[in-house]
Each structure stands twice: as C-alpha cells, then as structure tokens.
Amino acid sequence: MTQTLQDFNVAILVMDGFEEVELTDPRDALRAQGARTVIVSARHGDVQGMRHHDKGERVQVDLTFAQARAEADRFDAVLLPGGVVNADEIRLHPDARELVRALHEAGKPVAVICHGAWLLISAGLVKDRKMTSWPSLADDLRNAGAQWVDEEVVVDGRWISSRKPDDIPAFNRELLRVFALARP
C-alpha cells in the first residue's frame, strides 16, 4: 500500500467527552497512510472518549494546547472530533482557539466532524465557509457567517466537514484526499 501521507503531522484536538469513533476512525485511516497523529488537549495525562452516552476508551495526550501552539509550524493539518461535552469545553481554551487560527492562517487543512465546529466558531474562522455539522449546530454556524448544508461531507478549499459517525467513511475519504494534496 502506498503511504501517501508519510511524515505528514496531524494535530488532533480533544477534551474529555470526545466522540470516540470520530477520533479513532480518522486517526487510524491517517496512520494507515503514514501520517503521524498527535493528541493535543488542555493537560497531560489522558482524555475520556464517549460512545454516544457511554464511556469509551481513554486516549493518551501527547501535547498541551500551549505546547502545540508554540510548535504550530510542526503540524501539517488539524482534526477536530466532535462530542458535545468535548466541543463545548474545548472552545473555552484560548490556546486551542489560537492553535486552530494559526494553522488555518498558515493554509493548513482543517477537518471537523459533528460538534467540533464549535471551536472554529469561537476562533472566528467560519465566516463565508460552506460547512456541515451535527444539525443542532446549523444555527450557530449560520449566525457566525457560514453557509450550512445538510450533506455527509463538505469540502471547501482545504476544509473538510462532516455531520456524524455514520458519515465517517465519506469524511475519511475526503480527509485523506485533501491532506494528500496539501503535502508540503
């Protein structure tokens, strides 16, 4: 198998309460193509995943938001899994907002699924973007200036967005394609 993302570094930003499959499936697809994935959160240790309303696996944190922000140029892309609790908490962290802003401004791809778009809204990045998300975020995205559509996956330039776990196959397909095109 050709590893199209060999040496491609992806920051995956999460807090406790992330939707497990929205982290693990894209992470595994990225790793299968040779990408390096780095789990970034507010603190060292591990973060608790969820399988809808039930606790899922815990994932070890590699870097804090502050550490990753200081090394933002080391990353080639960012992945934002959803999960209501995760997404509601992560957007309150200035270093998380600054990190996604820095990566976006550097022209790096942004992949977001489900409720993960809340961080992009709080970072002031969604204006004039065509996006999808979990349907309950439609008003939030529209109010922040995005064009929200109800589709399984949307690609807008180097941004990839998706609605929910059922859409992960389409999300992963486009994520891998866009990330490969963005290789430095």
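## Exercises on a predicted chain

Leu 13 touches Val 40, Phe 65, Val 78, Leu 79, Leu 80, Pro 81, Ile 90, Ala 96, Leu 99, Val 100 and Leu 119, leaving aside residues up to four places away in sequence, where contact means heavy atoms within 4.5 Å. The model is predicted, so that local features need pLDDT of at least 70 and side-chain atom pairs count only at pLDDT 80 or more, while totals for chains, interfaces and linings use all residues. Residues are numbered from 1 along each chain as its sequence is written, and side-chain values use heavy atoms, with hydrogens and water left out.

**Exercise 1.** Place Leu 13 within the largest nonpolar core, and state which helix gives the largest share of this core.

*Solution.* Begin with the term: a nonpolar core is a set of buried Ala, Val, Leu, Ile, Met, Phe, Trp, Tyr and Cys residues joined through side-chain atoms within 4.5 Å, and buried means under 20% relative accessible area, exposed over 50%, and partly exposed in between (1.4 Å probe, protein chains only). Next, among the 35 residues of the largest core, Leu 13, Val 40, Val 100, Leu 120, Met 131 and Leu 141 touch the most other members. Helix H5 (residues 117-122) then supplies the largest share of this core, five residues; helices (H or I, at least four residues) and strands (E, at least two) are DSSP runs, numbered from the N terminus. Finally, a second, separate core of 26 residues includes Leu 23, Ala 35, Ala 77 and Cys 114.

**Exercise 2.** Decide how the radius of gyration of the chain compares with the globule rule.

*Solution.* The chain holds seven helices and twelve strands. Its radius of gyration is 15 Å, close to the 16 Å that the globule rule gives for 184 residues, so the chain is as compact as a globular protein of that length; the radius is taken over C-alpha atoms, and the rule is 2.2 Å times the number of residues to the power 0.38. Of the 184 residues, 55% count as buried, and residues 24 or more positions apart account for 64% of the contacts with a separation of 6 or more.

**Exercise 3.** Locate His 52 and Asp 128, and describe the phi and exposure of each.

*Solution.* His 52 lies in the loop between strand E4 (46-51) and strand E5 (54-60), has a positive phi near 60° although it is a residue other than glycine, and counts as exposed at 57% relative accessibility. Asp 128, found in the loop between H5 and strand E9 (130-131), is not a glycine either, yet has a positive phi of about 70°; with a relative accessible area of 64%, Asp 128 is exposed.
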